[in-house]
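Got the viewer open? Let's take a short walk, one selection at a time.

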Amino acid sequence: MSVKSIDKDYDTLTITALAEFEAAPEQVWELWADPRKLERWWGPPTHPATVPQHDLTPGGTVTYFMTGPDGETYHGWWEVISVERPEKLRFRDGFAEEDGTRRDDMPISDVTVTFAARDGGTVVEVVTAFADREQMEEQISMGAIDGVACAMSQMDAILADA
């Protein structure tokens, strides 16, 4: 598994995932930039993702939903803040209703993803920052840490298919 660590830091209100891949940064970047590849890993294996809207440009929106084993769907959105292909991506991530309406009653996080070449591969760092401890704890209680680990562990297989 390429996920090396997932750490939570209550002082900085962040969850940081660190992963290493045996692929060039551009190849790993495509796992985020190509909506069909994103669908193959964004949700945990038990909750595959569907990405109906994918505008990965500053100010753009990405919408997605994950479908659970019981058929229930969980909707979300990204508001793209900045894109520095293939080094860095920053977006706000939140929950949505089935019709796409953003939910203000659920945590919203600020996500920064960096891609760095190292030893012929790529190190990816995903830092998820929260506005307050309550939002961070709510995400953790909803399984965010295990979800990230399970989701990112699917990336190797997609890279191997390339």
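Which residue just after α3 takes a positive phi? Select G143: its phi is about 95 degrees. Before going on, note that this is a predicted model, where local features need pLDDT of at least 70, side-chain atom pairs count only at pLDDT 80 or more, and totals for chains, interfaces and linings use all residues. Numbering starts from 1 along each chain as its sequence is written, and side-chain values use heavy atoms, with hydrogens and water left out.

Now step back into helix α3, residues 133–141 (helices are DSSP runs of H or I, at least four residues; strands are E runs of at least two). Pick M136, Q139 and I140: they are buried (under 20% relative accessible area with a 1.4 Å probe, protein chains only; exposed is over 50%). They sit on the same side of α3 because they cover an arc of only 100 degrees around the axis (taken from the directions from the axis to the C-beta atoms). Turn to the face away from that buried side and you'll find E134 and S141, both exposed.

Show what the buried residues of α3 pack against (heavy atoms within 4.5 Å): β1, β2, β6, β8 and α4. At the start of the helix, zoom in on D132, where a side-chain oxygen comes to within 3.2 Å of the backbone nitrogen of E134.

Next, select β2 (14–21). Six of its eight residues are buried. It pairs antiparallel with β1 over six bridges (DSSP must find at least two for strands to pair), and T14 is the bridge partner of D9. In that hairpin, with four residues between the strands, L13 has a positive phi near 55 degrees.

Last stop: β8, antiparallel to β2 and joined to it by eight bridges. Look for A19 opposite V124.

Note on methods
A polar contact is a pair of N or O atoms within 3.5 Å; within protein, one must be able to donate a hydrogen and the other to accept it, and residues adjacent in sequence count only if both atoms are side-chain atoms.
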